[in-house]
Amino acid sequence: MGISQQIEAVYQRALLLRQRATTSPVEPALLDEALRELYFVLEELQATDSDLQTQNQRLLDTQQQLDSERQRYRTLFELAPDGYLVTNCQGKIHKANLAAAALFAVPLVNLVNKPLIVFVEPADRPQFQARLANPEGLPDWEMMITQRQASSRAVAIATATIKGTRGQKTAILWSLRDIGRHKQMVQALNTAQTDLEHQIEARTAELSEAHDHLERSQRLDSLGTLASELAHDLRNAIGPLVTATDLLMLPKYDLAESAYPLVQMMKSSARRSTDLIDQLLMFVRGTEGTRVPLALGHALGEVVTIIRSTVPQTISVQSRLNDNDLAWVEAEPTPVHQVLMNLCLNACHAMTAGGTLSVAAETRQLDQGDPQLPAADPPGRYGVATVADTGCGIAPDIMERIFDPFFTTKAAGMGTGLGLATAFRIVQNHGGFMRVESQVGVGTQFEVFLPAIAAPATAAPAIGRSGKA
Ligand SMILES: Nc1ncnc2c1ncn2[C@@H]1O[C@H](COP(=O)(O)OP(=O)(O)OP(=O)(O)O)[C@@H](O)[C@H]1O
Ligand SMILES: [Mg+2]
């Protein structure tokens with residue numbers, strides 16, 4: 001029976017009493033007073049009861065809130081992305097969440113009641129014991145945990161003490177964060193950064209090479225214009241001289257015998273000058289004729305035949321030309337022969353005390369990033385002609401200038417300095433490039449790269465002429 005029902009029952013009983021009192025000789029006034037007091041008491045009781053009911057309801061509400069909060073925290077604990085464990089003060093696991101079980105790679109039920117230390121790598125156990133003794137006093141730290149049937153992994157640890165109602169230490173809360181992946185990512189990032197730095201370095205080097213290349217081409221272009229005007233004027237000036245010397249030697253001019261050598265000298269000087277003009281023009285024009293399939297192997301073979309008959313005995317000539325790979329390219333035969341002849345003559349001039357001239361032809365595949373491939377040139381197959389000598393070599397300080405027109409180290413009148421400049425221009429016009437390696441006192445190797453083509457079905461030796469370096 002509820003308290004209000006009880007009060008009601010008391011009240012009814014009191015009324016009954018009063019009825020009986022009025023029928024007996026009891027003093028009714030006194031009874032009335034007693035009844036009033038009783039009534040007040042009952043009313044107070046009723047008020048208290050309603051207060052109690054309100055409080056009771058509040059308590060019930062609070063209880064419900066607490067239950068749902070507890071449920072929420074349980075879910076948060078169980079499903080938290082980091083591992084959470086509660087151990088007693090000796091390190092025995094009381095509670096664990098799913099992430100912790102995943103970190104240790106064991107089913108959740110197998111974690112409970114196990115000493116946590118069994119999952120700690122032996123090397124980290126002294127530190128673990130220190131943390132167990134003093135969970136709050138140590139900064140966060142990393143330790144390696146062992147995983148069943150797997151390699152150990154790094155976790156970041158933070159601990160907190162769980163205290164009882166009197167403030168005594170009752171348990172320890174462990175938070176474990178898997179930082180193995182984080183470490184891997186940091187490592188991957190570092191590797192990517194190093195790669196990027198290398199790429200930037202390589203790209204910068206390529207750009208600077210391309211810039212040098214462009215500068216050289218521009219220099220050649222402006223010198224080319226100048227040379228072309230010069231050649232035109234010189235041809236006009238020397239033409240009559242050549243004709244006049246030829247005419248002077250005709251009988252009708254009755255030239256004195258003693259004057260013949262002088263006129264001959266004039267004539268050969270004039271011829272040398274026109275030769276020089278021809279070379280200048282060749283340099284300026286580069287190539288503008290018809291391109292045909294040309295085997296660099298055949299072209300080198302022809303140049304070597306001419307060279308063999310002209311070089312002194314002190315120079316031996318070796319050619320490595322393979323019928324199976326003649327290095328076919330599409331090119332104008334005459335200028336390409338001139339390039340090869342220039343290189344061979346330079347090589348022979350560099351071997352004043354004798355040595356070996358070696359030539360070779362082959363096809364090479366140059367992929368992107370190949371150190372042989374200049375930044376400005378496309379990857380692909382190239383026909384390569386190599387001319388190497390065991391001569392004086394090229395000093396590093398002049399290496400930059402050897403392709404400049406009119407740059408020569410030969411004595412005045414012995415070289416024009418146009419040989420390599422012309423070769424460079426011809427090769428460039430054919431979509432190719434040249435490489436040079438040299439060591440002073442050891443020798444020099446020039447390589448000519450021209451875009452390769454497949455060998456024609458009926459491959460006949462190319463016919464070409466030689467030029468002068
Ligand atoms: N194989 C080589 N060995 C050493 N130095 C070389 C070689 N090839 C070229 N050189 C250097 O490069 C310079 C320029 O060569 P280039 O062929 O342009 O002109 P040159 O040979 O001096 O003159 P020309 O070609 O008119 O005879 C040469 O004077 C020489 O110093
Ligand atoms: Mg030369």
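Me: How do the residues lining the largest pocket divide into nonpolar, polar and charged?

Reply: Happy to walk through it. In this predicted model, the lining of the largest pocket splits into 13 nonpolar, six polar and eight charged residues. The space in that pocket comes to about 740 Å³. Of its 27 lining residues, Glu209, His213, Pro374, Met434 and Arg435 are the closest to the centre.

Me: Which elements give two or more residues to that lining?

Reply: Helix H6 (180-248), H11 and strand E11 (433-439) do. H6 gives the most, with seven residues.

Me: And where does ligand 1 sit?

Reply: Look to the second largest pocket, which holds ligand 1. The shell there has 20 residues, and the closest are Asn346, Thr408, Thr409, Lys410 and Thr416. By class, the shell has nine nonpolar, nine polar and two charged residues. Helix H9 (333-349), helix H11 (419-429) and strand E12 (443-451) each supply at least two of the shell residues.

Me: How should I read the polar contacts of ligand 1?

Reply: The general idea is to look for pairs of N or O atoms within 3.5 Å. Here, the side chain of Thr409 has an N or O atom 2.4 Å from an oxygen atom of ligand 1. For the side chain of Thr416, the corresponding distance to a ligand 1 oxygen is 2.6 Å. Gly419 takes part through a backbone N or O atom, 3.4 Å from an oxygen atom of the ligand.

Me: How much of the accessible area of ligand 1 does the protein cover?

Reply: On its own, ligand 1 has 590 Å² of accessible area, and the protein covers 96% of that.

Note on methods. Residues numbered from 1 in each chain as written. Chains lettered and ligands numbered in written order. Predicted model: local features only at pLDDT ≥ 70, side-chain atom pairs only at ≥ 80, totals over all residues. Heavy atoms only, no water. Near = heavy atom within 4 Å. Polar contact = N/O pair within 3.5 Å; in protein donor to acceptor, adjacent residues only side chain to side chain. Areas by Shrake-Rupley, 256 points an atom, 1.4 Å probe, with all protein chains shown as cover. 1 Å grid on protein atoms, 1.4 Å probe; cavity = no way out; pocket = protein on both sides within 12 Å on 5 of 7 lines; lining within 4 Å. Sits in = over half its atoms within 2 Å of the grid points. Helix = DSSP H or I, 4+ residues; strand = E, 2+ residues; numbered from the N terminus. Nonpolar A, V, L, I, M, F, W, Y, C, P; charged D, E, K, R; others polar. Points joined across faces, edges and corners; volume = space filled by probe spheres on them.
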